[in-house]
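Here are my notes on this one, written for reading beside the viewer. Could you go through them point by point and tell me where you'd like more detail?

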Amino acid sequence: MVTPAPTKPPTATKPTGPAQRKPRAMSGTGGRTAALFLTPFFTIFALAMVAPVVYAIVLSFFAQQKSGLGFGEAKTAFVGLENYLQVMQSESFVGGIGRLALYCLLYIPCMVGGALAFALLLDAAVARARKLFQLLVFLPHAVPGVIAALIWAYLYTPGVSPIVSVLETGGISLNFLDNQMILPSIVNIAVWEWTGYNVIVLFTALQAVPREILEAARVDGAGEIRAAISIKLPLILPALSVIMLFTVIGTLQLFTEPSIISKATASVTSTWVPNMWAYDAAFNRHNLNQAAAASIIIALMAAVLSWAVTRFSSRNKA
Amino acid sequence: MSTSTMSRARPHSPALPQGRRRHARNGGFGSTFTVNALLILGCAYMVLPVVWLFFASTKNTADLYGTAAYALGEPAFLENVMAVLNQDGGVFLRWMANSMFYAAFGAILGGLISVMAGYAFDKFQFRGKDSFFGIVLVGVLIPNTATVLPMYLLASVFGITNTIWAILIPVLCNPFGVYLARVYSAAYVPAETLEAARVDGAGPIRSFFSLGLPMMMPGYITIALFQFVGVWNNFMLPLVMLQDQQLLPVSVGISIWQGYSIPQPEFTPMVITGSLLSIIPLLLAFIMLQRFWKSGLTAGSVK
């Protein structure tokens, strides 16, 4: 969905196409001008994305090796894929990937399902005060991830939390921060942060559904729920697949929320998810080469996943 | 296809078609009530944590642990604010100013760089356009956090870690902004206008700044707003790059206070009140610029 749209700019399909070809030969719209406009972006892109990744790849093939008993200066030696092997064999890194997978399995259906349900409710003919609801539901997106994690960390802490005390008066004692509950608790923070944003995306897509089609369905006797499932849902599939793509990329970034929560509970270790593992490797274990290898592995996972999602959603469309 | 819809619709339509239609248009009390009740429930989930933050910021340490969550304790709000502002010689305001500076720099300059690139992709013809745009899209798909450590490793080679450049250079890079700008350029800037300017003798740079950019202004504001939020919310980049307390953005600063508050509970009200103060600028920006972020979400995902 992301890829095909921009490769066909509307101007190319307009009847002005042949006229546009003319200035190509003249000055002003050709390669040299384009270079002028594109150089700033691609310079920054090279500095902030390409160069770091290339350098990380180079680093990942080396290791600091100390001679004999570990005394004396460390030497840098080429070790090939050794770092990658060590990272992949590390129990904590693999455990982190497993946790991240579990997190995805919980988070994606909850968040996307919740956003879809809310957007459909908002689009229902009987919904009132749509503008206010949109603003309120978007509110969490204006709260930075750090602050969101902090707020929820307090809302999970017995003694401060209204949720825990309400549950206790109902006779339920639940520790949101223990080993079993910590994953759902962190999923909840992410759901809170991202559902509203995606509600707005889906709601905007729903507003573009032609009203005549819905009216026709109504005349044929389809109720609101029926129209939502068999007419609206298929028509907003492209928007849904974009959301899926960005959500999948987003889940791999998981770092802020568990880092903040890790200070409030021992259930979140310093290597809880792959990003935290890489951070820990760089700053606590001081093994920059392994940190580089771990970062490259995370980027590769993102590449494979987003390829799979785009592949899957373009097949769905066809 | 049509037969199946008809046969599926049949059980409904003959029975009371009029009643059904009226029901759909006005909504029976039941469905109006259910839909709006569910919407209110959903909004409560979204809003209540922020409301809690507000109530909690009015309490001192003892009340925080002692009174009901949504009740006002001894009014300690001003005390808390003063404590936040006075801690470590007013470092909180410094953090806020840093956040504001990093985010505004990324939004205004980074936004302009993205808009220029997107405009070039839309309006100019050049060799390798599709491959270059492909590179931009790959940039969109790489998760930020995966490049933070590599950036740190490279920055330490050049000795710019723990300086503002370690933040200012990365925040200019916004591939998604380029993608959005291309969509906006195609939608807002007619090729005919630029052609007319060219005939009148305006060069491409002149016509960008006097025609293209003003026409794309809503798009520029949208891209800048999203970049602003992205930089303001960024946690891992400054956490990794900066050690000097005077350079930290507010997100990392508050997380340091949170670390202090574990052994020293008297820091807790400051963490809470600081959090509240730090989200006010973004809340205001979002409320005032509603029309822009809505259009940005549309352009980015639906088209």
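The points below go from confidence, through each chain and the contact between them, to a few single residues.

1. **Ground rules.** This is a predicted model, so local features are taken at pLDDT of at least 70 and side-chain atom pairs at pLDDT 80 or more, while totals for chains, interfaces and linings use all residues. Residues are numbered from 1 along each chain as its sequence is written, with chains lettered from A and ligands numbered from 1 in the order in which they are written.

2. **Confidence.** The scores for the model are ipTM 0.81 and pTM 0.83. For chain B the average pLDDT (the predictor's confidence in each residue, from 0 to 100) is 82, and 83% of the residues score at least 70. The stretch to watch is residues 1-27 of chain B, where pLDDT is below 50; beyond near neighbours in sequence, this stretch has 18 contacts in the model. Two residues are in contact if their C-beta atoms, placed from the backbone, lie within 7 Å. Where pLDDT is low, the predicted coordinates should not be read in detail.

3. **Chain A overall.** Chain A has 16 helices and two strands. Both are DSSP runs numbered from the N terminus: helices are H or I with at least four residues, strands are E with at least two. Of the 318 residues in chain A, 43% are buried. Buried here means 20 or more other C-beta atoms within 10 Å of the residue's own, exposed means 12 or fewer, and partly exposed is in between, with C-beta atoms placed from the backbone. Taking contacts in chain A between residues at least 6 apart in sequence, 69% link residues at least 24 apart.

4. **Chain B overall.** Chain B comes out with 17 helices and zero strands. Buried residues account for 44% of its 303 residues. Of the contacts in chain B between residues at least 6 apart in sequence, 73% join residues at least 24 apart.

5. **The A/B contact.** How many residues does each chain put into the contact? Chain A supplies 95 residues and chain B supplies 91 residues. On the chain A side, helix α4 (residues 31-60) gives the most, with 18 residues. That side of chain A splits into 68 nonpolar, 21 polar and six charged residues. For the bookkeeping, Ala, Val, Leu, Ile, Met, Phe, Trp, Tyr, Cys and Pro are nonpolar, Asp, Glu, Lys and Arg are charged, and the others, Gly among them, are polar.

6. **The core.** The largest nonpolar core has 173 residues, and those with the most contacts inside it are A:Ala119, A:Leu150, A:Leu202, A:Ala294 and B:Ala117. A nonpolar core is a set of buried Ala, Val, Leu, Ile, Met, Phe, Trp, Tyr and Cys residues joined through C-beta atoms within 7 Å. Leaving aside neighbours within four places in sequence, A:Leu202 is in contact with A:Ala115, A:Leu116, A:Ala119, A:Ile236 and A:Ala239.

7. **Helix α10 of chain A.** Worth a look: helix α10 (residues 182-207) of chain A gives the most to the largest nonpolar core, with 16 residues. It is mostly covered, 23 of its 26 residues being buried. There is a kink of about 35° in α10(A), centred on A:Trp194; the bend is the angle between axes fitted to the seven residues ending there and the seven starting there. The end C-alpha atoms of α10(A) are 37 Å apart, which agrees with the expected 38 Å. The expected span is 1.5 Å times one less than the number of residues.

8. **Two phenylalanines.** Is A:Phe255 buried or exposed? A:Phe255 counts as buried because it has 23 C-beta neighbours inside 10 Å. Its place is in the loop between α13 (237-252) and α14 (256-262) of chain A. Leaving aside neighbours within four places in sequence, A:Phe255 is in contact with A:Val273, A:Asn275, A:Met276, B:Thr145 and B:Met236. B:Phe105, in helix α6 (residues 91-123) of chain B, is partly exposed because it has 18 other C-beta atoms within 10 Å.

9. **Backbone check.** A:His286 has a positive phi of about 50° although it is not a glycine, and it is exposed, with 10 other C-beta atoms within 10 Å. B:Asn162, likewise not a glycine, has a positive phi of about 60°. B:Asn162 sits in the loop between α8 (144-157) and α9 (165-168) of chain B.
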